[in-house]
Amino acid sequence: MILVTGGTGRIGREVLRRLPAALAVRVMARKPERVTAGAGEVEIVQGDYGDPRSLARALSGVRTAFLVTSRIGDDDVRFIRTARSAGVQHVVKLSAAAVSDHGADDLITRWQRANEDLLRGSGMDWTLLRPRSFMSNALSWANSVRAYDLVRARYGASGNACVDPRDVAEVAVRALTERGHEGRAYTLTGPEAITAVEQTAQLAELLGRPLSFEELGTEQARAALAERYPQDLVEALLDGGERLRAGAKALVDPTVPALLGRPAGCFRAWARDHLSSFSSP
């Protein structure tokens, strides 16, 4: 039995689509009705990291688990403790590339480092997936592109080796279903460092209409982020923007092509497959 958490999220949905139909798969979700079933027969259970009974039910009989957490707090602590008690043998955890960046010391990165340490010390086998920013973060531009032909972002000339979420999911499936990934930490990037200005130009070409790029100042970015996140996360994300400006997110890692036996997906291909999100109504 493989348990997938985060099954309604950007990576979890892609993992479910790629898991072989012959495998026994269970999905834990806060809102089970939002889960899109995978290739085979998938068991969907309601569960929450903060509900010990539901967590124990979800982990009962599970051999391998895919762990995705997004709330700063003790979700990893609860999951790992319950998984160990349930006899889970291997946990594949979605982390972040910033964990290995010695210059990163924001709230989110410190939280992920602590979670990685917790898993490594759990006694269970582990695999850590450390993706760079997802190409799908560009979907945050969709409304302004549709309405105003405009992309607004920070540091438009700074390169980011962002990764296609589908590549991250494919690596996760391999780690969940193959031997040899235990005790490994994989940094996952795209094939090149691409700037927001270059992404804007590629979107414009694919859409067949001109798009403008507007670079946000610090206070503009802070105000925009504050509409979606609490203050401590806003400051952590702003710190990440400063590391982008300094070039800390531009390094291309060879792990994705090495594991998948093909080039990592590029932004143009991702954008082409999601072009309807940016098209005018």
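V92 lies in strand β5, which spans residues 90-94. In this predicted model, V92 is buried, because its relative accessible area of 0% falls under the 20% limit for that class. The briefing below continues from V92 to strands β1 and β2, a pocket, and selected residues in helices and loops.

**Surroundings of V92**
- Apart from neighbours within four places in sequence, V92 is in contact with A65, F66, L67, T127, L129, A175 and L176.
- Of these contacts, A65, F66 and L67 fall within strand β4, residues 64-67.
- A175 and L176, also in contact with V92, fall within helix α6, residues 165-177.
- The C-alpha atoms of V92 and L128 are separated by 6.0 Å, although the two residues are 36 residues apart along the chain.

**Strand β1**
- Strand β1 covers residues 2-5, and both of its faces are covered.
- On one side of β1 stand I2 and V4, on the other L3 and T5, and all of these are buried.
- In a regular strand, side chains alternate between the two faces of the sheet.
- β1 runs parallel to strand β4 (residues 64-67), to which 3 bridges join it.
- Within that pairing, I2 has T64 of β4 as its bridge partner.
- β1 also pairs with β2 in the parallel sense, over 4 bridges.
- The partner of T5 in β2 is M28.

**Strand β2**
- Strand β2 comprises residues 25-29, and 5 of its 5 residues are buried, so the strand is largely enclosed by the rest of the structure.
- Both faces of β2 are covered, with V25, V27 and A29 buried on one side and R26 and M28 buried on the other.
- β2 and strand β3 (residues 42-46) pair in the parallel sense over 5 bridges.
- V27 of β2 stands opposite I44 in β3.
- Together with β1 and helix α1 (residues 10-18), β2 makes a right-handed β-α-β unit.

**The second largest pocket**
- The second largest pocket holds about 160 Å³ of space.
- Its lining is made up of 13 residues, of which I2, R63, T64, L176 and T177 lie nearest the centre.
- Two of these residues, I2 and T64, are also bridge partners in the pairing of β1 with β4.
- L176, which lies near the pocket centre, is also one of the contacts of V92.
- Helix α6 (residues 165-177) gives the most to the lining, with 3 residues.

**R132, a buried arginine in a loop**
- R132 lies in the loop between β6 (125-131) and α5 (142-148).
- R132 is buried, because its relative accessible area is 12%, where the class requires a value under 20%.
- Residues up to four places away in sequence aside, R132 touches A97, A98, N160, A161, C162, V163, L188, T189, A248 and K249.
- The side chain of R132 reaches the backbone oxygen of A248 at 3.5 Å.
- R132 and V171 are 39 residues apart along the chain, and their C-alpha atoms are separated by 14 Å.

**N115 in helix α4**
- N115 has its place in helix α4, residues 107-120.
- With a relative accessible area of 5%, N115 is buried.
- N115 touches T69, D76, I80 and K93, not counting residues up to four places away in sequence.

**Positive phi on either side of β7**
- Most residues other than glycine have a negative phi.
- D149, by contrast, has a phi near 55 degrees, a positive value in a residue other than glycine.
- D149 lies in the loop between α5 and β7 (150-153).
- The relative accessible area of D149 is 26%, and the residue is therefore partly exposed, a class that lies between the 20% and 50% limits.
- Y155 likewise has a positive phi, near 50 degrees, and is a residue other than glycine.
- Y155 lies in the loop between β7 and α6.
- Y155 is buried, with a relative accessible area of 13%.

Note on methods: Residues are numbered from 1 along each chain as its sequence is written. This is a predicted model: local features need pLDDT of at least 70, side-chain atom pairs count only at pLDDT 80 or more; totals for chains, interfaces and linings use all residues. Side-chain values use heavy atoms; hydrogens and water are left out. Helices (H or I, at least four residues) and strands (E, at least two) are DSSP runs, numbered from the N terminus. Buried means under 20% relative accessible area, exposed over 50%, partly exposed in between (1.4 Å probe, protein chains only). Contact means heavy atoms within 4.5 Å. A polar contact is a pair of N or O atoms within 3.5 Å; within protein, one must be able to donate a hydrogen and the other to accept it, and residues adjacent in sequence count only if both atoms are side-chain atoms. Two strands pair if DSSP finds at least two bridges between them. A crossover is right-handed if, with the strands pointing away from the viewer, the path from the first strand over the helix to the second runs clockwise. On a 1 Å grid over the protein atoms alone, a cavity is a set of points where a 1.4 Å probe fits but cannot get out, and a pocket is an open set with protein on both sides within 12 Å along at least five of seven lines; lining residues have an atom within 4 Å of a point. Grid points are joined across faces, edges and corners, and a volume is the space filled by probe spheres set on the points.
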